[in-house]
Every structure is written in structure tokens, then in C-alpha cells.
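Visitor: I'm new to this one, so could you pick a single part and take me through it slowly? I'd like to hear how the pieces there fit together.

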Amino acid sequence: MKKSVCLLVALVLMIPAVFSQKQNTLSPKEKKQGWTLLFDGENASQWKCIDKKPFNASGWLIEKGELGLRPEKGSNKYCDIVTRVEYSNFELTADFKLTKGANSGIKYLFTKYEKGGWLGFEYQVLDDDTHPDAKLGHDGNRKTASFYDMMPAGPDKKVKPAGEWNTARIICKGKHIEHWLNGKKVLEFENGSPAFMETLNQSKFKSAVPVFGSVSQGHIMLQYHQSEVWFRNIKIRVLN
């Protein structure tokens with residue numbers, strides 16, 4: 001009897017593992033909804049270096065189905081990577097994992113401005129517990145899931161510590177933008193609204209030409225910021 005009970009318990013515990021979705025794949029439902037993978041766990045064919053280096057010279061690594069960086073001090077081989085395709089209206093999701101003290105970011109509407117160079121809206125990715133940037137900016141607008149140097153994520157966000165996976169979600173549809181973290185919406189705003197412009201005039205992007213955020217489309221960018229960071233399950237779908 002005890003053996004039967006133990007066997008039943010073991011089978012119940014195995015159910016989530018059997019039916020859980022494999023990393024870096026799309027479920028039938030996601031395919032039907034129009035999602036596409038930006039990283040399949042094996043190659044980075046949809047990404048390129050911003051400085052035109054070949055990807056294999058970028059310093060980015062693919063290990064165990066994860067895309068990331070393990071920077072070496074003093075090396076200048078690393079670069080930010082961007083999607084080969086530009087997007088305007090979209091929904092993006094990505095898992096990210098930081099090491100202690102790490103700093104990175106997911107930028108979108110990322111393009112080259114006439115004045116200001118390459119810029120984009122940044123979903124901040126940061127070890128809030130130990131990185132000094134967490135204490136800079138205004139009202140926490142440089143912490144994880146915030147719109148970097150512009151708008152802070154809500155104070156009730158639930159971020160997992162360095163070494164654990166978090167899930168970012170970005171919705172960009174027309175002027176409406178949302179940041180989600182681990183299944184919860186933590187920030188939403190209207191691009192170009194009076195509140196946006198007031199914040200912009202206090203940020204490092206206030207001198208950009210054209211006006212920061214007024215572009216119609218841009219790349220998705222994964223940031224190199226002298227830190228070890230890893231990504232997986234990077235998925236996007238175009239919104240009508």
C-alpha cells in the first residue's frame with residue numbers, strides 16, 4: 001500500500017515536468033497568436049552587432065539554450081546587439097538572469113537620431129540590490145522594469161534576485177506602452193503625452209533630435225554594459 005501511494009505521489013510530481021513547455025519554443029497557441037522566436041536556443045541569426053561586427057566576434061555567447069555575455073576585463077570586443085528587423089507595434093517577452101551587481105537593458109524603438117546617436121526606450125535590467133545605479137535617477141527610474149531615466153516601475157513589483165530568472169514583457173501599440181515583470185504590469189504610459197514630455201525635459205534624452213520617442217519604429221536591442229547577463233525565450237508578435 002505504501003509503495004502504491006509513493007508511486008502515485010511521484011507521478012503527480014512528474015506531471016508539471018512532462019507538460020511544461022520546452023525553453024525557446026512556441027506553443028501551438030502562441031503560433032496561432034502570431035508569435036515568432038527571436039532566439040531559438042541554438043543560433044542568433046536574427047541579431048547583429050550595432051557596430052557591424054559579425055556576431056561571432058561580438059563577445060556574446062550561446063550556452064545551454066541561453067544567449068548572454070561573460071565579459072572579460074580590458075577587452076573591447078563586446079557590443080550591443082540589435083534585431084535585424086525593425087518594429088513599431090509589438091508585444092515582446094524575454095526571460096533574463098543577472099549576476100550580482102549586473103547591469104543591462106532591453107531597448108526598443110531603438111534607432112539612430114540626428115542628434116544623440118543611437119537611442120531607444122529602455123526596459124531597465126539591473127541588480128537593484130547591489131548596483132549603484134539603483135540609487136541614482138529619480139524615484140527609482142533606473143531600477144529593473146523601469147523606463148530608464150524616465151519613469152519608475154511601480155513600488156509593488158516582484159523582482160527575483162540575481163541568479164534567478166525573471167520575465168520581462170513590453171507592449172508597444174501606437175502611443176501606448178506597458179512594462180510587465182513576472183506576469184504583473186508595473187508601468188504604463190502614453191508616448192508624447194504631457195506627462196511624458198515633462199519627464200523627458202528632466203532626462204538625459206531631452207536634447208535628442210528628433211524628439212526622443214517620436215520615431216515610428218526601431219530595433220529591439222540587448223545591451224552590453226560590462227556585466228554578465230543571460231536571456232532566453234525571446235519572443236515577439238506584431239500588433240495590428
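Guide: Let's start with two rings: phenylalanine 121 is buried, and phenylalanine 196 is buried too. Keep in mind that we're looking at a predicted model. The two form an aromatic pair of the tilted kind, with 5.8 Å from centre to centre and 35° between the planes. Phenylalanine 121 belongs to strand β8, while phenylalanine 196 sits in helix α3 (residues 194-200), so this pair ties together parts that are 75 residues apart in sequence.

Phenylalanine 121 has another partner. Its ring and that of phenylalanine 147 have centres 4.6 Å apart and planes at 40°; since tilted covers angles from 30 to 60 degrees, this pair is tilted. Here, too, distant parts of the chain are linked: phenylalanine 121 is in strand β8, and phenylalanine 147 is in the loop between β8 and β9 (165-173), 26 residues away. Phenylalanine 147 is buried, just as phenylalanine 121 is.

Now zoom out a little. Phe121, Phe147 and Phe196 are members of one aromatic cluster, which also includes Tyr87, Phe90 and Tyr108. Across the whole structure there are 16 aromatic pairs.

What about the strand that carries phenylalanine 121? There is an open sheet of five strands, in the order β2-β5-β12-β7-β8, with antiparallel pairing. Strand β8 (117-126) is an edge strand, as is β2 (47-49), and each of them pairs on one side only. On average, neighbouring strands of this sheet are turned by 30° against each other, ignoring direction. Further into that order, β5 (residues 81-83) and β12 (residues 219-222) run antiparallel and are joined by two bridges. If you want to find one, look at valine 82, whose bridge partner in β12 is methionine 221.

One cluster member leads us on to another residue: Phe90 is among the residues touched by arginine 237, along with Asn89 and Glu91. Arginine 237 lies in strand β13 (residues 229-238). With a relative accessible area of 22%, arginine 237 is partly exposed, because buried would mean under 20%. The side chains of arginine 237 and glutamate 91 are joined by a polar contact of 2.9 Å. Arginine 237 also touches Gln33, Gly34 and Trp35. As for threonine 36, it is 201 residues from arginine 237 in sequence, yet their C-alpha atoms are 6.1 Å apart in space.

Definitions and conventions: Residues are numbered from 1 along each chain as its sequence is written. This is a predicted model: local features need pLDDT of at least 70, side-chain atom pairs count only at pLDDT 80 or more; totals for chains, interfaces and linings use all residues. Side-chain values use heavy atoms; hydrogens and water are left out. Helices (H or I, at least four residues) and strands (E, at least two) are DSSP runs, numbered from the N terminus. Buried means under 20% relative accessible area, exposed over 50%, partly exposed in between (1.4 Å probe, protein chains only). Contact means heavy atoms within 4.5 Å. A polar contact is a pair of N or O atoms within 3.5 Å; within protein, one must be able to donate a hydrogen and the other to accept it, and residues adjacent in sequence count only if both atoms are side-chain atoms. Two strands pair if DSSP finds at least two bridges between them. Axes are lines fitted to C-alpha atoms, for helices over the stretch in contact, and angles run from 0 to 180 degrees between N-to-C directions. Rings of Phe, Tyr and Trp (its six-membered ring) pair if their centres lie within 6.5 Å; planes under 30 degrees apart count as stacked, over 60 as edge-to-face and the rest as tilted. Lists of a residue's contacts leave out its neighbours within four places in sequence.
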